[in-house]
Every structure is written in structure tokens, then in C-alpha cells.
Amino acid sequence: LFLLTSCSSGAKDSASSGDASSDGKAYTFKLAHITPPSHMWHKAAEKFKEELSKRSDGRIELEIYPSSQLGSEADMMQQIESGSVDFGFITAAYTSSRSPSFAAWFAPYAFEDLEAAHKERQSEPAKKILATLDEQGITGLDYLFAGQRVMLFKDKDVQKPEDMKGLKLRVTPSPPMQDFYKSTGASTEGLPLPEVYSAVQTGVIDGMDMDLDAAITNKYYEVAKYGAVTNHMVWPAVAMVNKKTFEGMSEEDQKIVRESLEAAADYAVETRSGQEEEFKKELADNGMKIYDIDPELFKPYIEEFDKKYGPTDPLIQEFIDSVRK
Ligand code: 3HB
């Protein structure tokens with residue numbers, strides 16, 4: 001955090017004393033995330049920047065560091081904790097390794113569509129899950145979504161969960177996601193995104209858990225023939241900020257931050273929802289067989305997930321109860 005100017009004492013804008021008025025401070029914040037500039041999360045970061053500047057009359061500026069320029073998500077979260085980076089959009093998958101209740105978001109087939117997940121982010125359980133970051137010196141502010149998770153297979157036409165038995169699949173190193181796949185009899189490799197293309201190309205893995213967004217940006221259609229658009233899990237990024245930095249801002253500026261993020265989250269979901277058909281077509285045009293699998297076939301695996309993860313954490317149970325009602 002760089003404090004550029006300050007007109008704090010006797011500030012000109014204290015007309016309504018006692019109110020949540022701005023203290024007139026100017027900020028240039030840093031925001032880090034792992035995705036490339038073409039990804040929805042980066043576009044959401046740009047929207048956040050634009051809204052911050054507009055709503056604060058240029059007092060609140062944002063520098064965005066995409067593509068893991070500042071390191072892995074583990075590095076970034078450590079930097080946010082220490083305050084050398086202010087904001088992050090960090091995958092809920094990684095966040096769940098630091099704060100286990102975020103695993104609730106990986107309850108399989110919990111949402112009808114992206115909009116339903118977007119709505120659930122404002123539920124009490126979702127907010128309580130964000131608040132678990134407090135004890136790490138981080139304020140969890142909101143959730144941003146990219147496309148839901150799908151399954152890509154190198155050369156096996158997987159039509160039902162049982163067809164995955166014995167396949168080696170890349171699944172993000174997040175226990176709830178990996179457990180879901182393991183329950184079908186697949187084995188999992190926790191490869192980070194940059195290693196996935198060559199792993200599937202060389203046959204080290206037989207397929208992957210992915211989203212359509214990253215399937216296109218990484219050209220996985222060149223190395224995988226089959227794409228089951230299961231949309232079986234959502235893929236949230238957790239918008240977070242150093243707690244001290246956030247609490248040091250005036251109430252009005254905190255409100256500007258929250259409202260700017262909300263505008264960015266709305267923008268991301270509206271835009272991404274409208275791209276589903278276009279993304280499927282783009283993959284099909286590039287030679288992939290794109291198809292659905294009936295979610296009913298996954299019912300036993302869904303039940304197994306809920307039974308295993310609900311009892312691990314009261315917040316996960318509360319979240320599951322809220323989404324399965
Ligand atoms: C991933 O599958 O690891 C991934 C996908 C995204 C964004 C970030 C990571 O769309």
C-alpha cells in the first residue's frame with residue numbers, strides 16, 4: 001500500500017460529521033491473480049479498477065499483476081497477509097487449503113447455473129466462510145466466478161462416471177475436488193495449469209478437470225478429443241484484501257471498495273453466462289466432441305461428497321444445507 005496524499009485532519013469533506021464520510025486519502029493499491037489477461041478474472045479486475053477510480057473521483061487507483069507475475073497463489077496470499085500486496089483474486093481451491101470451509105463451494109452439482117452460484121455468494125453461510133480469513137489477517141470481500149468445471153478426455157469417450165475408472169486425470173490439488181473424482185475410481189494428478197498441456201499430449205494423464213475458459217485459452221482441443229460439459233462444480237475466485245489496510249480506510253472508502261467489487265462480480269457473471277454456447281461451439285469447431293452427461297448418473301457420488309465433507313466443518317454443513325434445499 002502506498003499512501004500518496006492525505007488531507008486527513010480538518011479534511012474538507014467532513015460536512016456531515018459522524019457520518020461515514022471520506023477522509024480524502026488517495027491510494028494506489030496492488031492486486032494480484034494467476035490468470036492471463038484474456039481470462040474473465042482479469043477482465044473483472046479491470047472492471048474493479050475502473051469502478052474504484054470512478055467512484056472515488058480518481059483517489060483510489062489499482063495496479064493489476066496478472067499471470068502469476070508476483071508468484072504462485074501461495075506466494076500471493078502470503079504477500080496479502082503481510083500487506084506487501086493489497087488485493088488478490090485467489091482460487092477458492094487454493095484458499096480452501098488455508099481455510100478449509102471454502103471446500104463447501106465444491107459440493108458437486110450444487111447450482112442450477114452460474115447465476116444461482118452468484119446469488120448464493122451473498123448467503124449467510126457464504127459470508128461466514130469469507131469471514132474465516134479474518135484470523136489470517138485477511139478480509140474476504142466477495143466471490144467472482146469463471147465458467148463451471150467440465151471434464152476433458154484425451155481419447156476415451158466417457159459417457160458415465162463408471163467410464164472414468166482407472167483413468168488418470170488432472171485435478172487441481174484441492175482435496176474436495178480430488179475426492180469427487182477418486183470416488184468414481186479415477187486416479188488424480190494435482191498438476192498446476194501450465195503443466196497440463198504437455199502432460200495430456202504425452203499421455204502422462206488421460207484427461208482433466210477444467211473449465212471451458214481455460215480449455216480455449218490453453219488450446220486443449222489440440223490434445224484432447226472429448227469434452228463432457230458436466231458443469232459439475234463452480235469455480236470461484238475469492239476477492240480478498242489485507243485486513244489492516246482495509247480497516248484503515250474510511251467507511252465511505254470501504255463502501256466504494258465493496259460496491260466496485262460487486263460491479264465487477266456482476267459484470268463477470270453476466271458476460272461469462274452469455275458465452276457458454278459460443279465457447280462450446282469454439283471447441284467443437286476445433287475438432288472436439290462436445291456433449292453432456294446426465295447429472296442423475298452422478299447422484300451416488302454427490303451423496304458421498306456431502307456425507308464426507310458436511311461433518312468436517314459446521315460451515316460446510318450449513319452451506320450444503322443451504323444449496324441442497
Ligand atoms: C485451473 O484449472 O487450474 C484454473 C482454471 C481457471 C483459472 C485458474 C486456474 O479458469
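**Notebook: two domains and a ligand**

I looked up the division first: the protein splits into domain 1 (2-6 + 25-146 + 236-273) and domain 2 (149-233 + 276-324), with bounds that come from an automatic or database domain assignment. I note that this is a predicted model, where local features need pLDDT of at least 70, side-chain atom pairs count only at pLDDT 80 or more, and totals for chains, interfaces and linings use all residues. Residues are numbered from 1 along each chain as its sequence is written, and side-chain values use heavy atoms, with hydrogens and water left out.

**Entry: the two domains**

I looked up the centres of domain 1 and domain 2, taken over C-alpha atoms, and they are 25 Å apart. For contact (heavy atoms within 4.5 Å), I found 24 residues of domain 1 touching 28 residues of domain 2.

Next I looked up the buried area, which is the accessible area (1.4 Å probe) that two parts lose on being put together, summed over both. Between domain 1 and domain 2 it is about 2300 Å², and carbon and sulfur atoms give 65% of this. On the domain 1 side, Pro108, Tyr109 and Arg272 supply 34% of the area buried against domain 2, more than any other three residues.

**Entry: polar links and helices**

How many salt bridges are there between domain 1 and domain 2? I found three, a salt bridge being a side-chain nitrogen of Lys or Arg within 4 Å of a carboxyl oxygen of Asp or Glu. I also looked up the pair arginine 272 and glutamate 276, which form a salt bridge with their closest N and O atoms 3.0 Å apart.

Seven residue pairs, both at pLDDT 80 or more, are in polar contact between the domains. A polar contact is a pair of N or O atoms within 3.5 Å; within protein, one must be able to donate a hydrogen and the other to accept it, and residues adjacent in sequence count only if both atoms are side-chain atoms.

**Entry: the ligand**

I listed the residues near the ligand (a heavy atom within 4 Å of it); among them are Ile34, Thr35, Trp41, Arg170 and Trp235. Three distances to a ligand oxygen atom went into my notes. A polar side-chain atom of aspartate 211 lies 2.6 Å from such an oxygen, one of histidine 39 lies 2.7 Å away, and one of arginine 149 lies 2.8 Å away.
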